[in-house]
Amino acid sequence: MEVVRRSLCSGALLCAWLLLGSGWGLGPPGIGAAYVLDDAGGLGREFDGIGAISGGGATSRLLVNYQEPYRSQILDYLFKPNFGASLHILKVEIGGDGQSTDGTEPSHMHYENDENYFRGYEWWLMKEAKKRNPQIKLIGLPWTFPSWIGKGENWPYDYPHVTVYYIISWILGAKQYHDLDIDYIGIWNERAFNSKYIKLLRYTLDKNGLQQVRIIASDRLWEPISFVLLIDSELREVVDVVGAHYPGTKTVPNALLTQKKLWASEDYSTFNDEVGAGCWARILNQNYVNGNMTSTIAWNLVASYYEELPFGRCGLMTAQEPWSGHYKVEAPIWITAHTTQFTQPGWSYLQVDGHLEGGGSFVALTDGLGNLTIIIETMTHNHSKCIRPPLPHFRVSPQRATFYLRGSFYLLKTLQVWHSRLSFESANSSLFEQLHPVKVWRGSFSLDLDVDEVYTLTTLKTGRKCSCPEPPSPQPFPSNYKDDFNIRNPPFSEAPNFADQTGVFEYFVNGSDPGDHVFTLRQVVIQRPITWVSDADQTISIIGNFQWVNLTVTCDIYIERPLDGGVFIAGRVNNGGIYVRRTKGVFFWVYADGTYRVTSDLAGEEILMKGLSGVRHNAWHTLTLNIQGTSASGLLNGYPLWENVTISQPSNGWAAIGTRSFEFAQFDNFHVEAR
């Protein structure tokens, strides 16, 4: 029997000496607990994979704007097998034009008679994932819906046939335009489900030849969906997976009684430092050990949104600087690899308790063909707190664990060893390092486990820790930034670095303007969507550096809505995401009725100055906003319109553009200069 200690050998002779049984531990297992891994009595639940979410919302917004080779490197770290995170599942938001945490994602059907399957970036991301791993599973889930779905009501279930048509169109469009097969479809993220709608969805999927698409319900809590499944046999027949969010590694009796697959269909959502990695390591194991969950899906895939938006850096890695090319492969990527590189959906868990006597947990999985993977974690309480739910106190101590392999595993002679140790007092974390193989002696081996460690022991020899050349150093957003939107065939529907927070701003070809404004940026959501959070009553897209204090914003604007239409440019914008309604800043508004206002809030209620401008709809005008220290001034078409407005708060923030309401409006020749 061999005892494996966390140690990297510094030479072949030393390594051989250790492995042959110096004082490092061949012989009796010593004090510790014993755990039996046996497949003779049958296997546990089928493993469905580890994944991550793009969306919910706009969390991959900045990723698409990275230049090569950096964008491909980031995608490799996420999706390429035996490279980095090697994810099994990609879950994406079905954009619905509404705010869904850190921004809005465009719908494939803004209006009832409108279909466009090239908006946004989720199509592109799914194709990039499939390009790297053809076996990756794809999931679609709506957070918001376009207004027409509810026919004026903030509710998607009054006309279930309409909502079903909308969702089926997205699935069919994925196949027709991108050759993407969607594997799973959800109902409505963290909101009420409707049994009639789910049954109609299944019926219509089948009618359209989409029998392979499975249904997940209800992406909220274990209840009431589990109880309803138990009393409604027809609903139970059509739901394939019970998906719960942030379950705290626990399930409920009714969920188990459904005999359905149980997933943590959204989890993690934690700042991606070492504590975030500890959270991720703990729940990846304990969601199964404590809760019988066979898939765990992280929100979010990659933190590619402005960090000062809500839940900044809550991705498995960070890529929030397309202008510099800088990104960071965070610790959760390598924690993911401990499971994903040595398992596949379709493997099975072994029937073991999984709790370590000294605290921590382990899981064991097999492909049924002789391969075995064991993942062990010893995360301590304070080093593995997730953002939610609250974590009850527990203790983890250094310990020796002895594993006895039985059944088809008894004849195994060696196991490959991969190890991580998270360091919280220094920057000396050891992440996903390959140690020397452990020899299995007569079906057993021992490990000396310290706290805050992850081990993978496996028969597979395919694991790799790959690394690309160092990306460029971080740089702030350019202090002098221009965009004239003059692009005939844009690769994406949205202009680089603009992050829509209410409404959707898209490239537009202005066929009626033969002059300087043929190619513009247009706000296209003209009715308030079926919301997931409290979207603003105005539309807004932010851009730039949150730390900007003194700046000049200039933009050509075109109001399309007569009488009560209006647009703004803004600086020192201090909020977005789920908090967009409370956004403050310096907002320079002009309206179709010939008036202007300067306000300190997006809602337009805190008026600092107002007057006549002479602006009308269906005409181009140039707005300029200067903010310097505690004073602001504004120009219209190059001439002063107002000046010496005193600014108290906020002291810094992004630049922004937007509209008075959900209305068509155009923007061109955007320029921001920060000093």
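**Exercise 1.** Leaving aside neighbours within four places in sequence, with which residues is Thr-59 in contact? Then find where Thr-59 sits and decide if the residue is buried or exposed.

*Solution.* The model is a predicted one.

Step 1. Set aside the neighbours of Thr-59 within four places in sequence; the contacts are then Ile-53, Ser-54, Asp-102, Glu-105, Trp-299, Asn-300, Val-302, Ala-303, Ser-304 and Tyr-305.

Step 2. Locate the residue: Thr-59 belongs to the loop between β3 (49-54) and α2 (70-79).

Step 3. Apply the cut-off: buried means under 20% relative accessible area. Thr-59 has 0% relative accessibility and therefore counts as buried.

Step 4. Look for a polar partner: the backbone nitrogen of Gly-55 is reached by the side chain of Thr-59 at 2.9 Å.

**Exercise 2.** In what order do the strands of the open sheet of seven strands run, and which are the edge strands?

*Solution.*

Step 1. Read across the sheet: the order is β23-β26-β35-β28-β29-β30-β31, and the pairing is antiparallel.

Step 2. Find the strands that pair on one side only: these edge strands are β23 (499-502) and β31 (607-612).

Step 3. Give the turn between neighbouring strands of this sheet: on average 20 degrees, direction ignored.

Step 4. Examine one pair: β30 (residues 595-601) joins β31 in the antiparallel sense over five bridges. Across from Gly-611 in β31 stands Tyr-596.

**Exercise 3.** What are the helix and strand percentages of residues 349-463?

*Solution.*

Step 1. Identify the span: an unreviewed UniProt entry places the feature "domain: Glycosyl hydrolase family 59 central" at residues 349-463.

Step 2. Read the content: the span is 0% helix and 43% strand, and its end C-alpha atoms lie 20 Å apart.

Terms used. Residues numbered from 1 in each chain as written. Predicted model: local features only at pLDDT ≥ 70, side-chain atom pairs only at ≥ 80, totals over all residues. Heavy atoms only, no water. Pairing = 2+ DSSP bridges. Helix = DSSP H or I, 4+ residues; strand = E, 2+ residues; numbered from the N terminus. Buried < 20%, exposed > 50% of the residue type's maximum accessible area, 1.4 Å probe, protein only. Polar contact = N/O pair within 3.5 Å; in protein donor to acceptor, adjacent residues only side chain to side chain. Contact = heavy atoms within 4.5 Å. UniProt positions renumbered as here; feature names shortened; annotations may be inferred.
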